[in-house]
2 protein chains.
Amino acid sequence: MGGESLQPPRGTRDFYPEDLRRRDWLFAHFRDTARLYAFEEIDAPILEHAELFTRKAGEEIVEQLYHFELHDRHLALRPEMTPSVARMVMARAGGLRLPLRWFTVTQNWRYERMTRGRLREHYQWNMDIWGEPGVAAEAELIGAIFTLLDRTGLPRGAVRIRVNSRALLEESLRRGILARRPEAFAPLCVVIDKIGKIGADAVIDQLADPAGAVGLARAEAADVVAMLDARTLDDAARLGGEGSLALADLRRLFELIDSTGRGGDLVFDASVVRGLAYYTGVVFEAFDARGVLRAVCGGGRYDRLLETLGGRALPAVGFGFGDVVIMELLADHGLLPDLRRTIDEVIFPLGEAQRPAALALTGRLRTAGHSVQTVLGTPRLKKVLTDAAADGARRVWILGPDELTRGVATVRDLQSGEQREEPLVS
Amino acid sequence: MGGESLQPPRGTRDFYPEDLRRRDWLFAHFRDTARLYAFEEIDAPILEHAELFTRKAGEEIVEQLYHFELHDRHLALRPEMTPSVARMVMARAGGLRLPLRWFTVTQNWRYERMTRGRLREHYQWNMDIWGEPGVAAEAELIGAIFTLLDRTGLPRGAVRIRVNSRALLEESLRRGILARRPEAFAPLCVVIDKIGKIGADAVIDQLADPAGAVGLARAEAADVVAMLDARTLDDAARLGGEGSLALADLRRLFELIDSTGRGGDLVFDASVVRGLAYYTGVVFEAFDARGVLRAVCGGGRYDRLLETLGGRALPAVGFGFGDVVIMELLADHGLLPDLRRTIDEVIFPLGEAQRPAALALTGRLRTAGHSVQTVLGTPRLKKVLTDAAADGARRVWILGPDELTRGVATVRDLQSGEQREEPLVS
């Protein structure tokens with residue numbers, strides 16, 4: 001074995017100790033934030049029946065599914081967590097006390113054929129609320145995103161949240177362009193979502209493609225794209241009309257976020273529809289205020305997903321927050337934490353004859369809760385001290401024959417350089 | 001979708017909140033123990049090139065590989081962690097300061113065709129030391145296993161550790177039966193490992209199978225099986241002869257474990273060889289002293305694995321400790337922890353008009369580090385109090401129009417039942 005096989009599969013990552021410390025730091029913030037919001041963590045297998053993920057809406061996420069046949073089963077590595085969570089909700093339908101507040105921190109897989117520094121796996125923090133139709137649920141989730149961002153040390157305003165409602169667009173289109181074809185709405189959103197990447201003209205082309213899932217007339221497609229220019233709730237009011245329920249929801253959401261002091265970091269943007277077909281209502285994404293990186297996280301309401309999977313409808317809203325973009329953003333801001341390894345004690349038996357006594361001491365210190373490294377082999381003292389300092393140790397305990405005869409260890413404090421003797425009480 | 005698709009794939013597990021709390025409890029003990037021993041955590045992708053795992057030694061673990069072709073690559077879900085760790089060591093060969101003390105807590109997959117309540121995925125805690133040839137490394141790992149067992153609350157003696165050395169058996173066989181065919185040793189160990197499951201006669205049949213990888217004469221096979229009866233180091237001395245290095249290592253290992261006070265929980269057992277082909281020296285497994293469950297964990301020295309993978313030899317020793325057997329054992333002992341959900345505060349706005357003030361209060365409490373649940377919708381007070389108690393909340397804050405007028409909240413302590421008013425300072 002050699003060459004390629006020495007590397008992890010293309011687009012995947014190894015986590016060496018320094019990488020894992022950083023990942024842990026981020027995951028701890030995900031979990032601590034979820035705890036502040038009183039969400040409960042769950043998990044599901046990374047491998048699911050592929051059927052759980054295959055939808056007909058032409059989403060990138062489905063096209064990039066890591067799927068395969070194995071022993072006559074069609075299986076897939078999950079590309080996102082929401083379908084698994086939905087499956088778990090359905091499997092215990094009726095037995096769960098609503099609303100549910102669940103979160104996950106999981107690895108998801110997407111097979112991207114053309115990789116340009118993009119990964120095929122990433123970790124994602126998901127928070128979902130099931131069973132609550134009102135935007136108070138959205139306000140909780142958006143609040144959690146702001147809390148996470150604050151905890152990372154990012155200054156206020158470095159990341160803001162764009163919000164829109166698919167229902168607002170849908171209300172408008174159902175009165176007109178899509179009056180007779182409501183089923184075209186989900187694929188229409190999937191196309192619109194690409195506008196930042198491919199531009200307005202290409203979106204119009206795709207919406208007006210007679211072979212596509214949307215199939216608008218060209219003028220209609222241009223009208224849809226024009227609607228996406230709205231950037232204020234007043235613009236949105238002109239779009240939705242004053243009796244619009246979706247508009248009322250958006251206004252209420254802004255009011256609730258205002259009450260938490262973060263109204264200034266929430267902006268309306270009619271072009272935000274998100275790329276997943278199953279969203280039905282409010283959608284949102286956190287973005288780098290400099291406009292450099294892609295979305296930091298995204299989410300929305302998906303009140304009809306359980307129906308799609310064959311269950312009873314249950315209102316739901318959630319978001320996914322990946323590990324890659326936030327780390328890039330923190331690096332850009334000079335905010336990546338410097339996480340050194342630390343150890344309390346290093347125990348150094350000068351010779352193999354002192355090892356049993358060294359192990360007995362080690363055991364006592366560990367029982368007292370200290371992180372203790374026993375020096376293996378019998379390197380020279382100088383190397384032991386250098387390595388101990390590099391490992392972030394606080395103290396080195398030296399046990400030689402002379403020390404053992406007197407029932408002591410020589411303890412060197414690596415910060416102060418001071419040395420003293422400690423009795424080896426058992 | 002329905003029926004089967006509502007379930008996770010056969011042999012895999014969903015983790016609902018109560019399941020995840022229990023998993024977290026175990027994982028925290030794994031990680032805390034590793035921290036006491038000054039090991040560093042690493043991780044690798046769950047999907048690897050299948051070549052990393054395919055060996056020719058007829059191990060069950062390779063036969064049960066979850067592997068598939070995808071876009072012209074032969075990929076596999078890892079059945080165990082050691083090959084990935086070995087790959088990471090090789091990839092940075094020369095750049096890593098030895099000895100390495102690394103640990104992992106990862107999910108591994110095995111496709112077992114005949115399932116009898118056995119799972120196809122499990123989690124495993126691995127600890128490995130790379131770069132140390134002496135049994136002081138084994139002593140550290142065995143010490144960590146005892147520490148973990150103690151932390152779970154298991155009484156001393158409930159789990160003991162059987163130890164042997166493949167090198168002892170190999171020394172003996174190389175002088176005789178396998179003098180001309182040293183390559184038959186690894187597959188011989190794989191067969192011997194099954195003795196507890198299939199019995200001595202079936203092991204002799206397989207060792208003497210002319211079409212098998214070992215191909216001993218029947219009398220030779222019977223001699224090998226007879227060697228496995230040794231249960232003391234003195235028996236082992238007769239087997240290995242007094243100049244045996246492997247025997248000296250075992251004696252030293254017992255001496256070191258004795259010095260930690262756990263000598264009584266370590267027993268020599270010549271029948272322990274473990275089922276992985278790559279072990280070369282000391283092997284060990286923790287076992288249920290009642291003899292009811294299968295091995296709690298297993299490990300050993302694998303000094304030639306890096307060579308097998310095409311690298312330079314590097315001494316290494318490690319163990320894998322699964323999540324399933326230990327939980328069964330704790331359940332049998334009545335030691336499964338009762339882990340209830342807990343929340344600090346539940347905030348209940350009596351009506352939607354009070355929600356903005358409720359959110360402002362919620363934000364202040366969360367900033368102070370409290371775990372806070374905001375009641376969604378406007379259920380009746382009685383339901384809120386019942387749900388809050390079921391969720392393990394300490395206090396319920398009630399914000400009605402009267403309270404807001406006076407700038408207070410009514411706070412009910414759910415343990416004492418007492419109620420008081422708290423000012424809503426901002």
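In this predicted model, Gly310(B) sits in the loop of chain B that runs between α12 (305–308) and β11 (316–322). Its relative accessible area is 53%, so Gly310(B) is exposed. Arg113(B) is 197 residues from Gly310(B) in sequence. In space, the two C-alpha atoms lie 32 Å apart.

The loop that holds Gly310(B) leads to β11 of chain B. Strand β11(B) pairs with β10(B) in the antiparallel sense, over five bridges. One of the residues involved is Arg301(B), whose bridge partner in β11(B) is Val317(B). Strand β10(B) spans residues 297–301. Five of its five residues are buried, so β10(B) is largely enclosed by the rest of the structure. Both of its faces are covered. Cys297(B), Gly299(B) and Arg301(B) are buried on one side. Gly298(B) and Gly300(B) are buried on the other. Strand β10(B) also pairs with β9 (residues 282–288) of chain B. This pairing is antiparallel too and rests on four bridges. Here Phe284(B) stands opposite Gly299(B).

A further enclosed strand of chain B is β12, residues 343–349. Seven of its seven residues are buried, so the rest of the structure largely encloses β12(B). Strand β12(B) runs parallel to β14 (residues 393–399) of chain B, with six bridges between them. In this pairing, Ile343(B) stands opposite Ala393(B). Strand β12(B) is also joined to β13 (residues 372–374) of chain B, by three bridges. These two strands run parallel as well. Ile347(B) faces Thr374(B) of β13(B) across the pairing. Helix α14 (residues 355–367) of chain B completes a β-α-β unit with β12(B) and β13(B). The unit is right-handed.

Charged contacts were examined next. Side chains of opposite charge can pair when their charged atoms come close. Over all chains, the structure holds 84 salt bridges. One of them links the side chains of Arg55(A) and Glu59(A), with an N to O distance of 2.9 Å. Arg55(A) has 17% relative accessibility and therefore counts as buried. Glu59(A) is buried as well, at 0%.

Another salt bridge connects Arg394(A) with Asp344(A), and their closest N and O atoms are 3.4 Å apart. Arg394(A) belongs to strand β14 (residues 393–399) of chain A, and Asp344(A) to strand β12 (residues 343–349) of chain A, so the pair ties together parts 50 residues apart in sequence. The partners differ in exposure: Arg394(A) is partly exposed at 44% relative accessibility, whereas Asp344(A) is buried at 17%.

A third example involves Arg252(B) and Glu352(A), whose closest N and O atoms are 3.0 Å apart. Arg252(B) lies in helix α11 (residues 245–259) of chain B, while Glu352(A) lies in the chain A loop between β12 and α14 (355–367), so this salt bridge joins two chains. Glu352(A) is partly exposed, with a relative accessibility of 35%. Salt bridges that share partners also build a network. Its members from chain A are Arg21(A), Arg341(A), Lys383(A), Asp387(A) and Asp391(A). Glu40(B) and Arg97(B) belong to the network from chain B.

Internal space was then searched. The whole structure contains four cavities of 30 Å³ or more. The largest cavity has a volume of about 70 Å³. Its lining draws on both chains. Chain A supplies Pro9(A), Arg10(A), Tyr66(A), Tyr111(A) and Arg120(A). Chain B supplies His49(B), Leu70(B), Arg73(B) and Leu75(B). By class, five of the lining residues are nonpolar, one is polar and three are charged.

A last position in chain A is Ile61(A), in helix α2 (residues 60–63). Ile61(A) is buried, because its relative accessibility is 6% and the cut-off for buried is under 20%. Arg151(A) is 90 residues from Ile61(A) in sequence. Their C-alpha atoms are 30 Å apart in space.

Definitions and conventions
Residues are numbered from 1 along each chain as its sequence is written. Chains are lettered from A and ligands numbered from 1 in the order in which they are written. This is a predicted model: local features need pLDDT of at least 70, side-chain atom pairs count only at pLDDT 80 or more; totals for chains, interfaces and linings use all residues. Side-chain values use heavy atoms; hydrogens and water are left out. A salt bridge is a side-chain nitrogen of Lys or Arg within 4 Å of a carboxyl oxygen of Asp or Glu. Buried means under 20% relative accessible area, exposed over 50%, partly exposed in between (1.4 Å probe, protein chains only). Two strands pair if DSSP finds at least two bridges between them. A crossover is right-handed if, with the strands pointing away from the viewer, the path from the first strand over the helix to the second runs clockwise. On a 1 Å grid over the protein atoms alone, a cavity is a set of points where a 1.4 Å probe fits but cannot get out, and a pocket is an open set with protein on both sides within 12 Å along at least five of seven lines; lining residues have an atom within 4 Å of a point. Grid points are joined across faces, edges and corners, and a volume is the space filled by probe spheres set on the points. Ala, Val, Leu, Ile, Met, Phe, Trp, Tyr, Cys and Pro count as nonpolar, Asp, Glu, Lys and Arg as charged, and the others, Gly among them, as polar.
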